[in-house]
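Subject: Structure for your review

Dear colleague,

I am passing the structure on to you below, and after it I set out what was found. Please read the notes with the coordinates open beside you.

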Amino acid sequence: MLRGVSVLPVFLNLCAQRAVVVGGGAVALRRVRTLLAAELQVTVIAPELHPDLRTLPVQLERRPYREGDLMGARLVVVATDRPDVNAAAAAEARRVGALVNHAADATLGEVRFPATAQRAGVQVAVGTGRELPMLARAVAERVAQLLPGDAQISGWVTAREQALSLEGAGRESALQRLRDDIQAALGVPA
Ligand SMILES: C[C@@]1(CC(=O)O)C2=NC(=C\c3[nH]c(c(CCC(=O)O)c3CC(=O)O)Cc3[nH]c(c(CC(=O)O)c3CCC(=O)O)/C=C3\N/C(=C\2)[C@@H](CCC(=O)O)[C@]3(C)CC(=O)O)/[C@H]1CCC(=O)O
Ligand SMILES: NC(=O)c1ccc[n+]([C@@H]2O[C@H](COP(=O)([O-])OP(=O)(O)OC[C@H]3O[C@@H](n4cnc5c(N)ncnc54)[C@H](O)[C@@H]3O)[C@@H](O)[C@H]2O)c1
């Protein structure tokens, strides 16, 4: 149970940085898709690779993990079905200073993967503070229905720029109108 652990809710820009995924099953595949969407350079190391991994732009190493594989990694996902291998990879990841996600026990790493919703560049990430991914998914799906589209966001960006070009009370009232518009569009009670 993760509950009670305080986590730092941040969005990490790791574009072009190296991630190594140790393990090549269903969980590894899910994490690889998430890492690719954030434009990391991904290497997957496992003797058995999920067939869908072959269709993705990743470096595949079809063999067991060995010490030294994690050199230069910024983020390591440990996702094998072998506790001893997971422990060895997590220990090396820590030695090389990489962030670790441990698939078998999230409390053994510092990175947890949230459920996400995204539209027009707005991204929402949901963690439950425990292992209840179906709740995280359901919350993300509900929030996705609220997310505004490109046209609406462009209008708000323009309105904000116009407000910021004003001075004094005019500026403050234009910003307040924009705040009110956005809250109303998202159904936030006044
Ligand atoms: C949000 C999402 C992101 C992602 O994984 O990409 C996510 N799990 C997803 C899907 C999913 N998870 C599981 C299945 C069943 C099929 C399968 O086995 O694969 C499916 C598939 C499905 O539901 O479709 C089973 C499962 N998950 C965990 C355990 C371990 C345990 O409970 O001990 C077990 C049981 C293991 C077992 O019994 O063997 C643990 C975690 N799962 C988390 C996140 C983190 C907590 C999130 C939170 O609650 O805040 C944490 C702690 C991982 C971490 O952060 O390291 C993604 C949502 C879907 C989406 O967004 O599309
Ligand atoms: N966090 C989650 O969402 C979640 C969900 C389900 C399972 N799990 C945990 O994650 C683990 C992996 O789950 P899965 O469904 O992907 O398992 P899986 O059985 O589909 O895949 C296991 C992978 O580990 C690889 N492997 C085995 N020995 C290895 C080695 N020495 N070096 C590198 N890779 C090695 C295998 O080749 C295979 O690709 C499970 O054992 C479970 O503990 C986590």
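How far is an oxygen atom of ligand 2 from a polar backbone atom of glycine 25? The separation is 3.3 Å, and please keep in mind that this, like every other value here, comes from a predicted model. Glycine 25 is accompanied in this role by glycine 24, which has a polar backbone atom 2.9 Å from an oxygen atom of ligand 2, and by alanine 26, whose backbone N or O atom lies 3.1 Å from an oxygen atom of ligand 2. Taken alone, ligand 2 exposes 860 Å², and the protein buries 68% of that area.

The wider surroundings of ligand 2 comprise 21 residues, of which the closest are Gly24, Val27, Arg30, Glu48 and Tyr65. Sorted by class, this shell holds 12 nonpolar, four polar and five charged residues, and its largest share, four residues, is supplied by helix α1, which covers residues 26-37.

Turning to ligand 1, there are 15 residues around it, with Arg31, Asn101, Phe113, Thr128 and Arg137 being the closest. Side chains of arginine supply several contacts with its oxygen atoms: an N or O atom in the side chain of arginine 31 is 2.4 Å from an oxygen atom of ligand 1, a polar side-chain atom of arginine 137 lies 2.7 Å from an oxygen atom of ligand 1, and for arginine 30 the corresponding distance is 3.0 Å. Taken alone, ligand 1 exposes 1100 Å², of which the protein buries 60%.

Away from the ligands, I would also point you to the surface, where Leu132, Met134, Leu135 and Val139 form a nonpolar patch with about 330 Å² of accessible area together. Leucine 132 is placed in the loop between β7 (122-126) and α3 (133-144), and it counts as partly exposed because its relative accessibility is 34%, a value that falls between the 20% below which a residue is buried and the 50% above which it is exposed.

Finally, valine 143 has its place in helix α3, and with a relative accessibility of 22% this residue, too, counts as partly exposed. The C-alpha atom of valine 143 is separated by 32 Å from that of proline 51, the two residues being 92 residues apart along the chain.

With best regards

Technical notes
Residues numbered from 1 in each chain as written. Chains lettered and ligands numbered in written order. Predicted model: local features only at pLDDT ≥ 70, side-chain atom pairs only at ≥ 80, totals over all residues. Heavy atoms only, no water. Near = heavy atom within 4 Å. Polar contact = N/O pair within 3.5 Å; in protein donor to acceptor, adjacent residues only side chain to side chain. Areas by Shrake-Rupley, 256 points an atom, 1.4 Å probe, with all protein chains shown as cover. Helix = DSSP H or I, 4+ residues; strand = E, 2+ residues; numbered from the N terminus. Nonpolar A, V, L, I, M, F, W, Y, C, P; charged D, E, K, R; others polar. Patch = residues over 30% accessible without salt bridge, like charges linked within 9 Å, V, L, I, M, F, W, Y side chains within 5 Å. Salt bridge = Lys/Arg side-chain N within 4 Å of Asp/Glu carboxyl O. Buried < 20%, exposed > 50% of the residue type's maximum accessible area, 1.4 Å probe, protein only.
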